[in-house]
Amino acid sequence: MKAYNEQLLKNESIHRQVKDWSAKKLISEENAQTIRAAYPELPYRPHWFVWVGLFFFTWICISAGLLFLAPFISIPSAERFLPPIYGVVLYFTLNHLIKTRKLHFSGIDNVLQYACIGFFAPLLFDFIVPNFDQPWAIALLFLPLLLFFTYRYGEPLIALGTLLTILFIVASLAVESPLGKALLPFILMAIALLVAWALAKFRAQPKSFYWETALWVVQIAALSIVYLTGNYAVVREGNALLNDLPDPSPEIPYAGLFWLFTFLIPLVYLGIGIRKKQLMYLIISIFFAVGSILTWVQYHPVISGPWLSVLLGGVGMGLAFFLIKYLKTERNGFISTPEPISETALFVGNIVATQLSSTVSDTQPDLRFGEGDFGGGGGEGSY
Amino acid sequence: MKTRTVIQELLEKNLLSEPQAEQLQAYESQKPVSLYYLLHILLYASVSAFIAGIGVLIYQNIDSIGHSVLIGALCLLMLACFGYVFQKSAPFQWQAFTDRQPILEGILLLGCLLFLAIEGYVQYQYQLFGERYGVAVLIPALLFFFLSYRFDHQGVLSLSLTAFASWAGLTAAPSQLLVSNDFSDPVIIHAGLAVGVFFVALGVFLARKGIKPHFMYTYLLIAGTLFLASASGGLFTIDSWQLLYAALIAGGCWYFYTYARTHGSLLFLLLSVVFGYTAFTYLLFHNISMDAGFFLGSFYFLASAAGVVWFFLNFKKLLK
């Protein structure tokens with residue numbers, strides 16, 4: 001059932017470990033060589049920049065291939081069955097390439113998987129017309145295909161789509177009854193929490209290895225949904241939207257409880273991140289903490305937008321400077337020593353700098369500093 | 001794969017000895033989590049939020065006392081940033097700094113962005129440079145150029161290069177390159193070509209002299225991409241000089257490709273393929289009749305894109 005050769009993925013993982021041990025001089029170079037020789041075959045996983053090229057040009061190939069269907073387009077209801085047939089062709093191409101070229105998330109196999117799923121969609125057109133008022137029914141019909149792809153390939157984006165499809169079906173069914181509508185945030189939060197908990201358990205087991213990336217992405221998504229369904233602003237505005245209430249949105253029942261969720265969940269994630277030493281929890285806790293502050297200011301405007309931005313930026317810089325200095329040596333299982341600069345980091349550093357300067361020039365009134373622009377936007381005057 | 005499983009398997013296959021396995025297990029269980037990238041992202045996101053807020057604030061409540069205090073405080077902060085960096089940084093080196101100092105890099109960038117914000121404000125409020133807008137842009141360009149070399153900061157160099165491009169009436173930031181420039185205007189195209197060639201040449205010259213050779217990456221990323229985008233603009237809009245622009249693109253792509261080969265840079269490999277492919281495809285379809293174009297098109301795109309995919313899959317072997 002699994003499309004990728006698990007042994008190759010295992011070999012790759014072992015090579016990565018050995019590289020780290022060898023760099024830290026924990027094992028000798030000869031020893032590392034012997035281990036590598038025992039696990040020789042590796043999957044093809046290109047660098048990020050090559051990945052982009054492969055993805056883009058494979059997509060062109062798939063689109064150009066469609067032109068070969070042109071002679072058959074005059075056959076009655078061709079638009080229904082031709083795409084799925086093309087989908088099947090792509091499916092076999094995908095499996096063939098994975099086998100012969102040892103691809104693993106190389107851009108080529110990713111885009112082929114998206115295309116396969118996409119080309120099966122017209123099959124459902126027949127169901128759309130009678131069920132147009134029930135989009136969840138279409139989602140339900142699509143779900144087996146998504147589950148099959150997630151199991152067979154473990155592609156992160158498709159796995160994420162599967163989770164969102166399930167939540168969409170549940171939410172659509174819930175809002176059909178008044179009680180379900182009222183309990184919607186709690187229902188979604190309970191499901192997301194259950195998913196996050198189950199994934200944490202499953203990820204701890206060795207057999208979860210094949211779906212490693214997908215599980216990681218879906219777990220982040222589930223944790224984010226737990227936060228979002230408890231966030232006061234999301235619930236209040238969502239409530240107004242679902243019930244067609246006028247703007248500004250009215251206060252919601254149990255507001256206190258949702259405020260508690262809004263501030264408690266980021267803190268809980270931060271606690272888990274520090275205690276379990278998990279970077280994922282730390283990252284999302286920072287994001288959500290900022291989200292919670294913005295939520296508070298949205299409904300209790302104690303500070304103007306620009307001042308809040310300056311304040312948050314100032315606190316963030318202070319925290320970053322302090323931690324970079326504080327973690328020069330290991331503390332409580334965390335460290336921050338400079339890592340060898342990768343090409344991606346170098347590229348991002350250059351792009352971010354020009355982007356930041358565009359932030360400055362975007363906020364300036366018409367200064368007419370030449371027609372060009374330091375970064376982007378603005379620049380209407382003449383030089 | 002879980003580390004414990006890997007160690008267990010290697011032990012069973014006699015690829016590790018018992019004491020080695022124990023040592024590795026101990027190392028793995030005590031290995032600290034690196035927050036290096038997380039703290040960097042936090043730092044840059046915070047600088048961004050700070051500067052965005054400041055950018056709005058300095059134009060609010062102009063003429064009030066609180067406003068003057070704010071501008072004064074920002075000037076002091078900027079001077080403090082530059083002063084701190086000058087005091088704490090390692091002395092100038094011709095090569096890359098061996099020890100990277102993330103805090104100093106962040107403070108320097110903050111100082112530069114504050115300089116931009118304050119200078120913009122002074123020009124707006126007091127017309128310090130009058131109508132000589134060029135001077136107002138050249139000052140930060142030159143200052144950042146100096147600072148980038150002094151403190152070995154490629155981000156500040158890219159700020160300087162985008163400022164120089166702005167002086168010539170261009171937007172060189174890669175994210176805005178194709179959006180903010182009107183590449184159907186011959187003046188913009190030629191300015192882009194000139195700025196691109198000048199700075200790539202400057203980068204090559206300085207690198208050959210042994211002055212911060214690693215800065216070549218930034219020169220090529222900002223100025224080289226500007227050159228290729230301008231030449232593509234020329235190819236698409238000025239038919240009478242089509243071959244000349246095609247030759248310029250070919251030359252630029254060849255240079256990117258050579259740099260990618262010698263420096264193992266995959267970004268420039270990608271850029272050279274994308275620019276080269278786009279130009280070649282445009283030339284081909286622009287110069288054949290429409291009827292032939294449709295039939296040829298379906299085969300061409302399939303075959304050429306498959307060819308590029310094949311190239312990406314095999315370039316490591318080809319480059320050897």
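Start by selecting A:Arg236, which you will find in helix H11 (residues 232-242) of chain A. Keep in mind as you go that this is a predicted model.

**Stop 1: around A:Arg236**

Is A:Arg236 buried or exposed? It counts as buried, because its relative accessible area is 15%, and the limit for buried is under 20%. Now show its surroundings. Leaving aside residues up to four places away in sequence, A:Arg236 touches A:Ser249, A:Pro250, A:Glu251, A:Ile252 and A:Tyr299. Look at two of these neighbours in turn. The side chain of A:Arg236 reaches the backbone oxygen of A:Pro250 at 3.5 Å. With A:Glu251, the side chain of A:Arg236 forms a salt bridge, 3.9 Å from N to O. A:Glu251 sits in the loop between H11 and helix H12 (255-276) of chain A, while A:Arg236 is in helix H11, so this pair ties together parts that are 15 residues apart in sequence. A:Glu251 itself is partly exposed, with a relative accessible area of 49%.

**Stop 2: the whole of chain A**

Zoom out to chain A. Its helices number 15, and there is one strand. The C-alpha atoms fill a box of roughly 65 × 65 × 60 Å along the principal axes. Of its 383 residues, 46% count as buried.

**Stop 3: A:Tyr86**

Next, select A:Tyr86, in helix H4 (residues 78-101) of chain A. This tyrosine is buried, at 9% relative accessible area. Which residues does A:Tyr86 touch, not counting those up to four places away in sequence? They are A:Cys61, A:Ile62, A:Gly65, A:Leu66, A:Leu69 and A:Phe119. For a distance to try in your viewer, go from A:Tyr86 to A:Glu155: their C-alpha atoms are 21 Å apart, and the two residues are 69 apart in sequence.

**Stop 4: two more charged pairs**

Side chains of opposite charge can pair when their charged atoms come close. Select A:Glu12 and A:Arg16, a salt bridge whose closest N and O atoms are 3.9 Å apart. These two are four residues apart in helix H1 (residues 6-23) of chain A, so about one helical turn separates them. A:Glu12 is buried, with 15% relative accessible area.

Then pick A:Glu29 and A:Arg36, whose side chains meet in a salt bridge at 3.7 Å, N to O. Here A:Glu29 is partly exposed at 38%, and A:Arg36 is partly exposed at 24%.

**Stop 5: where the chains meet**

Colour the two chains separately. How many residues of chain B are in contact with chain A? There are 107 of them, meeting 99 residues of chain A. About 9000 Å² is buried between the chains, with carbon and sulfur atoms giving 73% of that area. On the chain B side, B:Met1, B:Tyr133 and B:Leu313 lose the most area to chain A, together 8% of what that side buries.

Across this interface there are 20 residue pairs in polar contact. Highlight helix H3 (residues 36-57) of chain B: with 19 residues, H3 supplies the largest share of the side that touches chain A. The residues on that side divide into 70 nonpolar, 29 polar and eight charged.

Two salt bridges cross between the chains. Select B:Glu9 and A:Lys10, whose side chains meet in a salt bridge at 3.2 Å, N to O. Also show A:Asp20, A:Lys24, B:Glu28 and B:Lys31, which are linked in a network of salt bridges.

For the last view, find strand E1 (residues 334-335) of chain A and strand E1 (residues 33-34) of chain B, which pair in the parallel sense over two bridges. There, A:Phe334 has B:Val33 as its bridge partner.

Key:
Residues numbered from 1 in each chain as written. Chains lettered and ligands numbered in written order. Predicted model: local features only at pLDDT ≥ 70, side-chain atom pairs only at ≥ 80, totals over all residues. Heavy atoms only, no water. Contact = heavy atoms within 4.5 Å. Buried area = accessible area lost by both parts, 1.4 Å probe. Salt bridge = Lys/Arg side-chain N within 4 Å of Asp/Glu carboxyl O. Polar contact = N/O pair within 3.5 Å; in protein donor to acceptor, adjacent residues only side chain to side chain. Nonpolar A, V, L, I, M, F, W, Y, C, P; charged D, E, K, R; others polar. Pairing = 2+ DSSP bridges. Buried < 20%, exposed > 50% of the residue type's maximum accessible area, 1.4 Å probe, protein only.
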